[in-house]
Amino acid sequence: MTHASAPRGVRLLGTGSAVPPAELTNKDLEKILDTTDEWIHQRTGITARRICDPGREGTYTLARDAVSRALEASKRRAEDLDLVICATCTAEMTCPSTACRITGALGATRAGAFDLTAACSGFVYAMNVADTLIRSGRFQRIGVVGADAMSTMVDYTDRSVSILFGDAAGAAILEADPDPSRGCIHQTLSADGSDWRTLYMPRRCQEIPPGEESNPIRLGYLRMHGREVFRFAVTKFREVIEEALSATKLTPDDVSQFICHQSNRRIIETAIEKIGLPRDKVHVNIDRYGNSSAGSVGLCLDELWRAGKIPQGRPMILVAFGGGLTWASSVWNV
Ligand code: ACO
């Protein structure tokens with residue numbers, strides 16, 4: 001692939017998403033856990049989440065279907081893609097990557113492929129990486145997807161973690177554009193690995209930090225210090241949005257949508273109040289889907305895109321934070 005010399009921008013061509021048909025409601029959880037619909041709704045804003053049927057569905061099938069729908073919406077064929085990036089922390093296999101399986105299933109015969117892991121921040125990380133690669137001149141068209149089947153990673157005997165998560169995938173097709181001002185005009189990719197114990201999934205006993213050996217959650221399942229994650233998410237939410245607005249000299253009025261990771265309705269509400277964001281510009285679907293990790297921002301983007309709420313010529317801001325700890329923002333001139 002040759003390197004283009006002229007500066008170029010990036011166009012968001014279309015989006016797609018996929019969720020499993022089966023719904024797991026708070027009422028269903030009441031039957032298997034010592035919890036109530038009222039407690040879950042009050043603390044998180046969640047009423048239901050979608051859950052894969054492990055015999056037929058998973059991260060790979062959701063990611064594949066989301067990319068396929070995004071290609072259809074973009075009026076592009078799989079063979080047109082140069083690269084597929086899949087953000088996930090619940091891949092069924094680490095070899096091959098989920099992205100490789102997607103290229104095989106859809107017939108993206110010219111595309112390179114890799115998975116990227118940044119937990120809930122994954123989709124925003126992948127959008128930023130894809131924009132940068134297209135601007136480099138080496139890639140013309142990239143399929144980005146964030147997908148997680150969190151139901152495979154949560155212990156349904158643990159009421160503090162399992163109530164939060166659901167399964168989903170969201171995808172976008174990005175293409176080189178002659179206008180350099182189009183695409184991602186500001187981005188951050190950040191991490192603080194010193195705090196990884198706040199949210200982690202140990203596969204081996206050796207990985208369990210001292211003092212946490214008595215945690216009853218089984219190996220291979222997510223462990224979380226909920227209050228610490230809450231504090232981190234509220235702080236970073238505010239920091240990254242204020243930094244993005246200040247760096248781009250935009251005001252909330254200039255922005256069409258703030259598309260935020262759906263971690264907990266109270267986290268989103270706190271940020272809206274502290275930053276003073278217009279409520280109608282912060283999409284919330286956590287009530288229906290729970291926290292779908294890397295699937296969440298792409299799923300919101302697809303809902304908004306299809307509803308015609310992402311107008312061309314207006315900036316949108318993507319924000320996410322999650323395990324790692326990681327956080328990311330992406331300001332797009334659509
Ligand atoms: N039903 C009923 N009671 C419960 C439940 C439940 N499902 N879960 C916990 N409790 C109990 C606890 O045992 C505790 O009881 P105690 O006081 O007798 O000890 C009490 O409720 C309070 O527990 P806390 O954990 O302090 O409750 P909190 O108000 O912090 O809410 C929650 C917990 C919802 C997990 C909150 O901390 C949170 O949302 N944190 C953020 C987590 C998050 O977003 N994680 C996503 C992954 S990372 C990301 O997306 C950024």
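Modeller: A salt bridge here is a side-chain nitrogen of Lys or Arg within 4 Å of a carboxyl oxygen of Asp or Glu. This is a predicted model, in which local features need pLDDT of at least 70 and side-chain atom pairs count only at pLDDT 80 or more, while totals for chains, interfaces and linings use all residues. Residues are numbered from 1 along each chain as its sequence is written, and side-chain values use heavy atoms, without hydrogens and water.

Colleague: How many salt bridges does a search of the whole structure find?

Modeller: One of them links glutamate 57 to arginine 56, with the closest N and O atoms 3.9 Å apart. Another joins aspartate 177 to arginine 182, where the closest N and O atoms are 3.3 Å apart. Over the whole structure, the number of salt bridges found is 21.

Colleague: Which residues are linked with Asp53 in a network of salt bridges?

Modeller: A salt bridge runs between glutamate 57 and arginine 56. The network also takes in Asp53, so named beside its partners Arg56 and Glu57.

Colleague: Is glutamate 57 buried or exposed?

Modeller: Buried means under 20% relative accessible area, exposed over 50%, and partly exposed in between (1.4 Å probe, protein chains only). Its salt-bridge partner arginine 56 has 58% relative accessibility and therefore counts as exposed. Glutamate 57 has a relative accessible area of 17%, so its class is buried.

Colleague: Is aspartate 177 buried or exposed?

Modeller: Aspartate 177 forms a salt bridge with arginine 182. The arginine 182 end is buried because its relative accessible area is 17%. Aspartate 177 has 10% relative accessibility, so this end of the salt bridge also counts as buried.

Colleague: How many residues apart are lysine 31 and aspartate 28 in helix α1?

Modeller: Helices (H or I, at least four residues) and strands (E, at least two) are DSSP runs numbered from the N terminus. Lysine 31 and aspartate 28 form a salt bridge whose closest N and O atoms are 3.9 Å apart. Lysine 31 is exposed because its relative accessibility is 68%, whereas aspartate 28, at 26%, counts as partly exposed. Both lie in helix α1 (residues 26–32), about one turn of the helix from each other, and their separation is 3 residues.

Colleague: Which residue in β7 does leucine 12 stand opposite?

Modeller: Strand β1 (residues 9–18) is largely enclosed by the rest of the structure, because 9 of its 10 residues are buried. Two strands pair if DSSP finds at least two bridges between them. β1 and strand β7 (residues 167–177) pair in the antiparallel sense over 9 bridges. Across from leucine 12, in β7, is leucine 174.

Colleague: Which residue in β12 is the bridge partner of phenylalanine 258?

Modeller: Strand β11 (residues 257–260) is covered on both faces, with Gln257 and Ile259 buried on one side and Phe258 and Cys260 buried on the other. β11 pairs with strand β12 (residues 315–322) in the parallel sense over 4 bridges. In β12, phenylalanine 258 has as its bridge partner isoleucine 317.

Colleague: How many Å separate the C-alpha atoms of aspartate 179 and valine 154?

Modeller: Aspartate 179 lies in the loop between β7 and β8 (183–191). With 35% relative accessibility, aspartate 179 counts as partly exposed, because of the range this value falls in. Aspartate 179 and valine 154 are 25 residues apart along the chain, and their C-alpha atoms are separated by 44 Å.

Colleague: How many Å apart in space are isoleucine 40 and leucine 29?

Modeller: Isoleucine 40 lies in helix α2 (residues 37–44). Isoleucine 40 counts as buried because its relative accessibility is 0%. It is 11 residues from leucine 29 in sequence, and the C-alpha to C-alpha distance is 9.7 Å.

Colleague: To which proline does the cis peptide bond from cysteine 95 lead?

Modeller: Most residues other than glycine have a negative phi, and most peptide bonds are trans. The bond from glycine 324 to leucine 325 is cis, with omega near -10 degrees, and leucine 325 lies in the loop between β12 and β13 (326–333). The cis bond from cysteine 95 has omega near 0 degrees and leads to proline 96.

Colleague: What is the phi of lysine 249, which is not a glycine?

Modeller: Lysine 249 sits in the loop between α7 (226–248) and β11. Lysine 249 is exposed because its relative accessibility is 73%. Its phi is positive, at about 55 degrees.
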